[in-house]
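Here is a short report on one protein model. It covers a sheet, some aromatic rings and a pocket.

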Amino acid sequence: MNYEEALAFVHGRPRLRKAPTLKRMRQFLTELGNPQTKIQAVHVAGTNGKGSTIAFLTSLLGQEGRQVGTFTSPFITRFNERIAVNGQPISDEAVANLVTQVRPVVEKMDQTELGGPLEFEIVTAMMFLYFAQHPVDVVLVEVGIGGLYDSTNVFTPLVSVITNVGWDHMALLGNTLPEIAQQKAGIIKPHVPVVTGVQVPEALTVIKRVANEQHAPLMVLDDDFKLTGDPADFESNDCHVSNIKSGLLGVYQLKNLAVAIQAAVVLSRQRGWKLSADQIRRASLQARWPGRMEIMQQAPLVVLDGAHNLPGVQALKQSLQTYWQDRPIHILAAILDDKLFQPMIDELLTIPNAQLTLTNFQNLLHRQVVQPAELVANEARQINYEANWRTALRQLIKQANPRDVVIITGSLYFVSEVRPLFKK
């Protein structure tokens, strides 16, 4: 099997089934020899900030020459990015080899009552297999959706991380923040330390209750650790580091950085690893995560930000008003219409120095993108629309003055389609 055939097989699998369960995933891994038991890993859940927190953790834990594996989604440029070591995606050959190993098991399970694995379950199993066969010092495993029934939730981590809880994937996770928090809290395991950036009271109450039930030590942002100032100071009960600067743009990134530093401190002490103040400063500044407040061009400034849900758009708005409140802003957005698109658009329209243009893109998932006809009439009149994103982007950049800011946002899949244009 070659690389293209491997990808076709993976992407050809079903994406969703109605009944949430881990039975199929556990059986799948049993057939593969339970590779998830052979790795040392950190589990990262949350509505937003999972990828950025993992980027910070990769940099922080990669000190002293350590090997840090990562499992993230979605990919921005190539599928291989989902499984990486110290930021370097695995090879095409490795992908093909992994699919060759899992395919017979998938086809065998297709004939059973449980049914064969879904696409994300296959990719998750490939990750566990890869790191079982190519050991690293630690693997950072990002939850796909939720936590409790996510296909990654089949191992006992060294540390559990829950970045935040907000409105997203309600059809799968619940219609209230406590319900969504209950799903995120599903990654909490008995006696395993938990680090969280959750601050919404009704969601934090759930996290605290589950941690207490599992006898899992819980560390909460701004209660047990905090990062304040610019440059920032990190403080916890037993760690203080001053003059920290984030390598990732975005006001919200300081919260992700604080969570990452606390998790790195906890893990390093567990493992007996050195993590000095200088290493924390250097690693925080060196962290990179494509597609999140990523500057692609100057004059006019072009920024990619995969704000794909309401909390993401609210964070983007905060950053725009902090960094560029005195500069004209042109927002080009393609928003999937299975999101809370109306509140997302409402937020963008309240930015006084910004003009919004909606567009479309050829997403591989064949999910619908918001069209003007779906919007409230008076709002639709405030919004430009151009179906071809290339045309829209070309027009925005041509019309913008050198000091203007062009923001490309709305979906990580949209950002991944646009990004190669600037990376040629």
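The text below takes these topics in turn.

This is a predicted model: local features need pLDDT of at least 70, side-chain atom pairs count only at pLDDT 80 or more, and totals for chains, interfaces and linings use all residues. Residues are numbered from 1 along each chain as its sequence is written, and side-chain values use heavy atoms, with hydrogens and water left out.

**Sheet.** Helices (H or I, at least four residues) and strands (E, at least two) are DSSP runs, numbered from the N terminus. Two strands pair if DSSP finds at least two bridges between them. An open sheet is built from six strands, ordered β12-β13-β17-β14-β15-β16, with mixed pairing. At its edges lie β12 (294-297) and β16 (384-388), each paired on one side only. The average turn between neighbouring strands of this sheet is 25°, direction ignored. Axes are lines fitted to C-alpha atoms, for helices over the stretch in contact, and angles run from 0 to 180 degrees between N-to-C directions.

Strand β15 (residues 354-360) runs parallel to β16, and three bridges join them. Here L358 stands opposite Y385 in β16. Helix α15 (residues 412-422) packs on the sheet. It touches β12, β13 (301-304), β14 (329-333), β15 and β17 (405-409); contact means heavy atoms within 4.5 Å. The direction of α15 makes about 135° with that of β17.

**Aromatic rings.** Rings of Phe, Tyr and Trp (its six-membered ring) pair if their centres lie within 6.5 Å; planes under 30 degrees apart count as stacked, over 60 as edge-to-face and the rest as tilted. The count is eight aromatic pairs. Two of them are tabulated.

| Pair | Centre to centre | Between planes | Class |
|---|---|---|---|
| Y130 and F131 | 5.3 Å | 85° | edge-to-face |
| F225 and F234 | 6.4 Å | 35° | tilted |

Buried means under 20% relative accessible area, exposed over 50%, partly exposed in between (1.4 Å probe, protein chains only). Y130 is buried at 13%. F131 is buried at 2%. F225 and F234 are buried too. One aromatic cluster joins F361, W389 and F414.

**Pocket.** A pocket is an open set of points on a 1 Å grid over the protein atoms alone, where a 1.4 Å probe fits, with protein on both sides within 12 Å along at least five of seven lines; lining residues have an atom within 4 Å of a point. The second largest pocket holds about 620 Å³, the space filled by probe spheres set on points joined across faces, edges and corners. Its lining has 31 residues, and A55, G87, R288, W289 and P290 are the closest to its centre. Helix α3 (50-61) and strand β4 (88-89) each supply at least two lining residues. The largest share, four residues, comes from α3.
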